[in-house]
Amino acid sequence: MEKPTYYITTPIYYPSSNLHIGHSYCTVAADVMARYKRLKGYDVMFLTGTDEHGQKIEEKAKEAGITPKEYVDKVVAGIQDLWKLMNISEHRFIRTTDDYHEESVKKIFKKLYDKGEIYKGTYKGKYCTPCESFWTETQLVDGKCPDCGREVIDAEEEAYFFRLSKYAERLLKLYEDDPGFLEPKSRVNEMVNNFIKPGLEDLCVSRTSFSWGVPVDFDPKHVVYVWVDALTNYITALGYGNEKYHDYEKYWPADVHFVGKEIVRFHSIIWPSILMALDLPLPKKIYGHGWLNFNGEKMSKSRGNVVDPAILCQRYSVDAVRYFLLREFPFGSDGNFTNELLIHLINTDLANDLGNLVSRTVTMALKYFDGKLPAEHVSDPMDDELITMANSLKEKVETQMEAFQFQNAIMETMKLVSRTNKYIDETAPWILCKDESKKGRLATVLYNMLESLRIASIFLTPVMPNACAEIQRQIGASAELCSWESSAAFGKLPADVQVIKGANLFPRINLEKELAELEGNSNTKETKPAPAPEKASKEKKEPVEGVASLIAIDDFAKVNLRVAEVLECVRVEKSDKLLKLQLDDGSGTPRQVVSGIAAWYKPEDLTGKKIIVVANLKPAKLRGELSQGMLLAADVGEAASVIFVNGDIPNGSKVR
Ligand code: MSP
């Protein structure tokens, strides 16, 4: 049987030597989708490439004293290297300077002209040179380019025009009849209200003011407008209008074009209109994702606040960076990237939850059974909840993936990981192992842990292909047990599965040390100084009750509260206020917290008790002692009363 096809594209990138992590966002997301679809059995065509024509490139080449082609040849390799670095899977790469593409663009332009869809006229208007965009007066913001905010110039030239205005009604109908054509929904409102309703004008689609572009072959002093040249890549790369490829029939229309929000206009207004004019089918979906900012500002190398993908991948692994990009930010919205968020997520989700589960599971299987489980198992009704959760996960993950909600898909999977960590605490294998008659039960517990990991690793494979392959190797899951279909059936591993010892997948990162090192690195330096840690002070203003002081649930969710057990507690030397506590927060690495409660508690009052710790507080030094978090206490008059929790609650449990 023939596989169903799936055609996914990213924008083609401007060749640039200033690539930052924001640039990789769209392509990593598309790669996750492409890998997911392949796992589900699709024949995937994944297209990306470079957009190499235009005045900007011509000027840059001139500055460098080389030809535009020499210039683009030099920088295109940087984009290809970035995709290698980010572990972008098999894809077709198109360059708009490729001969076959140029040939197709000429044919498309001529066809539109012959059909009367393009006509010759005179262009008078506002032009933004850096963006290569013409704007109408009404589109300017404070007289400046609405995209980049820079000055526009008056431009007048003989030019060809595409009859874009005639498509306004059809576009409105398209958005209405097919709500899935442009997502998220907010982008539709933007297009309708900002561009279509104010009136679509015919689009100037040729230039005579520079020559670095595809010449109009019947009037060669004109070159084709870069956006027409660029947008058509989605079909020329399949062989439309050329003999290089023969995939148009097979893959067009595209299942989805992934694009950043600022270029949605080109993809959801100009592109479908060109296709309608050519009588070609429209892509099934345009998904306009949000932008990643850095410390609240636009990410760009010129602002000196770039986050260098090479440095991040080298320090934390490409898998961790990919995970962060998709897990931290909802795909359709803007996100604020900070190094702290990245390290924190690696520590909590990957080191504490996933990495820890893998190492606990494999270590226990090695310790109790020399790595090979006995075939006799003893199940218990207490296993049911975990098994039911694992068995129902596939449907949930698929629902989220089909809606491009990568963050939710990952979070669903990570719920299984957390539940399995809890299951370990509930079943206490370290107690079962002491009783010879409980060996069968112990084997089942370990087996269930391994099965959860097998299933979670399948769902996480599109995001973290290397780490998941390593998990599968360590838990003894062969490739056929890790097919997408096998994720819906708990119990695939052989009862007497053999595990293999492996490296720690995601070592915990010392946040304070790491930030100091990153800040010392000019490429990842943050422009703004980090705010000074707030000093505990009696004069501190109480928040005023009222709407202004209310926080959203998302704000509260940023606080990572965990149950922790006090392993050890001592006074801090030469301080009558501070106690130093060593906590077991379930991560496997003791956490040191310094707390100003010595006036009300003796060390022995706390040792062995369970408390709640804020686990994602920026580390600070108090009297020279590192404090990684703070414990929760209530103000009772002048005194602090520590919040103790029930001793049965497992260490590391989330408090929310
Ligand atoms: N060449 C055009 C696309 C033509 S498609 C027919 C272009 N190129 S670009 O290099 O400027 O941008 C490529 C993609 O990177 C765009 O989707 C853009 O939104 C995305 N991003 C660039 N910086 C970004 C962030 N800081 N965050 C997220 N995506 C960002 O536009």
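A polar contact here is a pair of N or O atoms within 3.5 Å; within protein, one must be able to donate a hydrogen and the other to accept it, and residues adjacent in sequence count only if both atoms are side-chain atoms. This is a predicted model, where local features need pLDDT of at least 70, side-chain atom pairs count only at pLDDT 80 or more, and totals for chains, interfaces and linings use all residues. Residues are numbered from 1 along each chain as its sequence is written, and side-chain values use heavy atoms, with hydrogens and water left out.

**Exercise 1.** Find which polar atoms of the protein meet the ligand's nitrogen and oxygen atoms.

*Solution.* Start with aspartate 51: a polar atom of its side chain sits 2.7 Å from a ligand nitrogen. Next, take isoleucine 12, where a polar backbone atom is 2.8 Å from a nitrogen atom of the ligand. Finally, look at glutamate 262, with a side-chain N or O atom 2.9 Å from a ligand oxygen.

**Exercise 2.** Locate the two cis peptide bonds that lead into proline 184 and proline 253.

*Solution.* Go to glutamate 183 first: its bond to proline 184 is cis, omega near -10 degrees. Then try tryptophan 252, joined to proline 253 by a cis bond with omega about 5 degrees.

**Exercise 3.** Is phenylalanine 404 buried or exposed?

*Solution.* Check the backbone: phi is near 60 degrees, a positive value in a residue other than glycine. Now the cover: phenylalanine 404 has 3% relative accessibility, so it counts as buried (under 20% relative accessible area; exposed is over 50%, partly exposed in between; 1.4 Å probe, protein chains only).
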